[in-house]
Structures are given as structure tokens and as C-alpha cells.
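Trainee: Before we go through this model, could you show it to me and explain how each label is justified by its definition?

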Amino acid sequence: MNRLVSLLFVLPAGVLAQEPPVAEGLAAWSRIYEVASHPRCTNCHVGDSGRPAWAALGYDPKWLHGMNVQAGDSRIGAETVLCQTCHITAASDNATPHAAPQIDDAWRLPPVALDWRDKTSGEICIQMRNPETNNGFEGQELAAHVRESAFVNWGFEPGGNRVPAPGTAEELARDIEVWIAAGTPCTADP
Amino acid sequence: MKLMVNGREHEVDVEDDMPLLWVLRDELGFTSVKYGCGIAQCGACTVQVDGIAVRSCQLAVGDLDGDVTTIEGLGTPEAMHAVQQAWVDHQVAQCGYCQSGQMMQATSFLVLNGTPSDDQIDAAMSGNLCRCGTYPRIRAAIKTAAAKLQGA
């Protein structure tokens with residue numbers, strides 16, 4: 001019993017509550033931000049311009065998607081040309097450089113609220129922890145989404161000569177779990 | 001495998017990964033469908049699957065899920081589709097190589113957006129390249145076809 005009491009004194013409060021400390025959550029967030037701010041992700045995580053980019057292909061980082069592509073308010077190009085016209089819905093290894101990538105999901109832009117281009121770590125963090133601005137993900141649903149989404153998984157293995165996002169989808173999911181368990185701390189928090 | 005093209009069922013003996021473009025051209029003889037780049041960068045191979053424009057060079061036939069329409073199925077010389085008629089009225093084509101893809105894209109576009117602005121026409125057609133530079137006539141023909149399809 002005495003040994004147990006001693007152990008309780010040396011353990012940090014976060015461990016007792018089975019929650020990672022805030023510092024660990026912030027460290028996980030910094031790795032999450034490294035992914036979210038990578039051009040492989042910010043190419044499509046754009047705001048209401050609806051203009052995806054072609055960064056991380058060896059072009060200038062600000063290079064917009066060719067063919068004057070505008071995904072529009074629909075975010076799927078319904079007003080002009082559908083994303084799916086070129087980005088066929090099919091499982092593919094996408095080995096051919098410069099070809100339109102294909103995944104087993106309907107190609108589209110993320111919601112406007114998930115605009116990550118030119119956003120700071122603090123801005124994206126606050127956006128990601130709020131279900132009203134993170135596409136409705138509550139709690140650990142976000143980690144499940146990262147594991148299951150064909151888009152997210154493609155970002156880590158884009159094929160051809162495309163630059164991948166850093167790490168793996170599983171590593172990102174684990175970091176999200178840690179960040180959420182730590183109470184979704186953001187660097188911008190007081 | 002079986003596929004529907006222009007309202008008729010066809011059976012072909014090909015590998016699943018053969019692009020629809022080559023099935024249409026080499027197996028079924030729909031030579032309106034043109035090879036341009038093979039990587040969905042030029043639009044010459046555009047056909048429709050269930051009415052949606054698709055770059056057939058990028059679609060493995062094993063992934064095909066729907067009925068295919070090529071320009072042979074859009075209209076006939078006696079009863080042209082409004083887009084085809086507008087193309088004739090505006091004498092759009094020069095060499096003609098890209099034009100079946102242009103018309104298949106334009107027709108799909110007008111189903112999605114019946115009253116497009118000039119900017120929307122330009123955006124919708126920017127993925128269909130024309131080395132002859134017939135773009136001003138393409139835009140004019142689409143506006144004519146849109147008006148006709150809207151009953152103006």
C-alpha cells in the first residue's frame with residue numbers, strides 16, 4: 001500500500017487521469033501541422049477560390065492546377081468541368097507521372113472551412129478541433145477518418161513522381177489520437 | 001466483358017486494364033475517339049459515361065461503370081444534336097482532330113450548366129486543347145447550343 005502511495009506521488013497528474021500531458025499533445029499537433037501544411041494537402045485544402053494547386057510536382061509552390069480548373073461552390077466542378085472527368089474513381093497505383101491521379105472515391109475539394117493554404121499552425125489547430133469547422137468530426141472520429149479516407153491515404157503514397165506528405169496515415173492517426181486525448185491543445189491557446 | 005456503347009451492347013475480349021480509349025477505337029472501331037496524350041492532359045479522348053464527360057485514356061475498361069456515349073451516338077447527320085449543329089453553323093473545326101472530344105465535353109457541360117457565362121465556358125473547355133486555336137468559335141458555338149437547348 002505504501003509503495004502505491006509513493007507511486008501516486010511521482011506520477012504526473014495527466015498519467016493518473018490517463019490523458020497525455022498538454023506538452024505531448026502539442027508535440028503531436030506540431031507533427032499533424034507538418035502534414036496539414038504540406039503542399040500535397042494544401043493543393044486541395046483551399047478556400048472559396050475553389051482553385052486547387054499543383055505544388056509538390058516540381059513546379060513553383062504557388063502554381064495553380066492546370067486547365068484553368070475551378071471546382072466552384074459545388075467543390076466538385078459541377079459549374080464547369082467535374083473533377084471526375086479526369087480523376088477517375090478507381091483504385092490505382094498512380095504510377096504514371098503527370099497523369100491525373102485516381103482514388104477509390106469521388107475526387108473533390110474538401111469543404112471551404114478546411115482551408116489550410118497559407119494558414120498558421122494556430123489557425124488550423126483551432127479549425128480542426130471544432131466540429132463546426134472540421135467537417136463535423138467529433139472526438140476520435142477524426143483519427144478514424146484519417147485511417148479510412150482514400151484521399152488521406154493517397155496523400156502519403158501519391159505514386160509517380162509526386163512528393164508524398166510526411167509520414168504515414170497511421171502515424172497521423174496516432175498523433176491525432178494523442179492530440180485529442182490531451183484535450184486538443186493549440187499553440188495559440190492562452 | 002460486355003459494355004454498352006451508344007445504346008448497343010458490345011462484347012470484347014480484353015484485359016481489365018486496357019484503357020477505354022483503345023477498346024473503343026481498336027476493338028469496336030469508334031475512331032472518332034482520339035488519342036492525344038494518354039494522361040488526361042488534352043481532352044482529345046473525351047467520351048461520356050452516363051452523360052458525364054470522361055477522359056477515356058485514363059479509364060481502365062475494368063473500372064467502367066455505366067453506359068458509354070461517343071460522338072457517333074450523340075446525333076446523326078440527319079438529326080444532329082444541338083451542339084453538333086452549332087459546331088457546323090459556326091464552322092468551328094479546322095483540322096478537326098480534337099473536335100469530337102470538344103463536343104462531348106461541351107454536351108456534358110451544358111447538361112450540368114444550361115446557362116453558362118463566358119468565363120464558365122472557358123473554364124469548362126480549358127482541359128480540351130485545340131492546336132488550331134479554334135477556341136473563339138468553340139465558345140460561340142456553345143453559346144448558340146445553350147440558347148437552343150434552353151428553347152430560346
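**Labels and their cut-offs**

Mentor: A network of salt bridges links A:Arg147, A:Glu170, A:Arg174 and A:Glu177. The model is predicted, with local features requiring a pLDDT of at least 70 and side-chain atom pairs counted only at pLDDT 80 or more, whereas totals for chains, interfaces and linings use all residues. Residues are numbered from 1 along each chain as its sequence is written, chains are lettered from A and ligands numbered from 1 in the order in which they are written, and side-chain values use heavy atoms, with hydrogens and water left out.

Trainee: What makes the pair A:Arg129 and A:Asp189 a salt bridge?

Mentor: The term requires a side-chain nitrogen of Lys or Arg within 4 Å of a carboxyl oxygen of Asp or Glu. The side chains of A:Arg129 and A:Asp189 meet at 2.8 Å, N to O, so the pair satisfies that definition. The two residues come from distant parts of the chain, 60 residues apart, with A:Arg129 in the loop between helix 5 and helix 6 of chain A and A:Asp189 in the segment after helix 8 of chain A. Helices here are DSSP runs of H or I with at least four residues, strands are runs of E with at least two, and both are numbered from the N terminus.

Trainee: Why is A:Arg129 called partly exposed?

Mentor: Buried means under 20% relative accessible area, exposed means over 50%, and partly exposed is what lies in between, using a 1.4 Å probe and protein chains only. A:Arg129 has a relative accessible area of 30% and is therefore partly exposed, and A:Asp189, at 29%, counts as partly exposed too.

Trainee: How do you know that B:Asp118 forms a salt bridge with B:Arg139?

Mentor: The closest N and O atoms of B:Asp118 and B:Arg139 are 3.6 Å apart, and the pair therefore meets the rule. B:Asp118 belongs to helix 4 (residues 118-125) of chain B and B:Arg139 to helix 5 (residues 135-149) of chain B, 21 residues apart. B:Arg139 also meets B:Asp122 in a salt bridge, at 2.8 Å from N to O. B:Asp122 lies in helix 4 of chain B and B:Arg139 in helix 5 of chain B, so this pair ties together parts that are 17 residues apart in sequence. Over all chains, the structure holds nine salt bridges.

Trainee: How many salt bridges does the rule find across the interface of chain A and chain B?

Mentor: The rule finds zero across that interface, although six residue pairs there, both at pLDDT 80 or more, are in polar contact. A polar contact is a pair of N or O atoms within 3.5 Å; within protein, one must be able to donate a hydrogen and the other to accept it, and residues adjacent in sequence count only if both atoms are side-chain atoms. The two chains bury about 1,600 Å² between them, 58% of it on carbon and sulfur atoms, where buried area is the accessible area (1.4 Å probe) that two parts lose on being put together, summed over both. In chain A, the residues that lose the most area to chain B are A:Met67, A:Thr80 and A:Thr85, together 32% of what that side buries.

Trainee: Why is B:His10 called buried?

Mentor: Its relative accessible area is 11%, and B:His10 is therefore buried, under the 20% limit. B:His10 is found in strand 2 of chain B. Leaving aside neighbours within four places in sequence, B:His10 has contacts that include B:Leu3, B:Val5 and B:Phe30, contact meaning heavy atoms within 4.5 Å.

Trainee: What makes strand 1 and strand 2 of chain B a pair?

Mentor: Two strands pair if DSSP finds at least two bridges between them. Four bridges join strand 1 (residues 2-5) to strand 2 (residues 8-11) of chain B, so the requirement is met, and the strands run antiparallel. Among the bridge partners, B:Met4 is matched with B:Glu9 and B:Val5 with B:Arg8. The strands form a hairpin with two residues between them, and B:Asn6 in the turn has a positive phi of about 55 degrees.

Trainee: Which residues touch the most other members of the largest nonpolar core?

Mentor: A nonpolar core is a set of buried Ala, Val, Leu, Ile, Met, Phe, Trp, Tyr and Cys residues joined through side-chain atoms within 4.5 Å. The largest one has 25 residues, of which A:Met128, A:Leu172, A:Ile176 and A:Trp179 touch the most other members. Helix 8 of chain A gives the most to this core, six residues.
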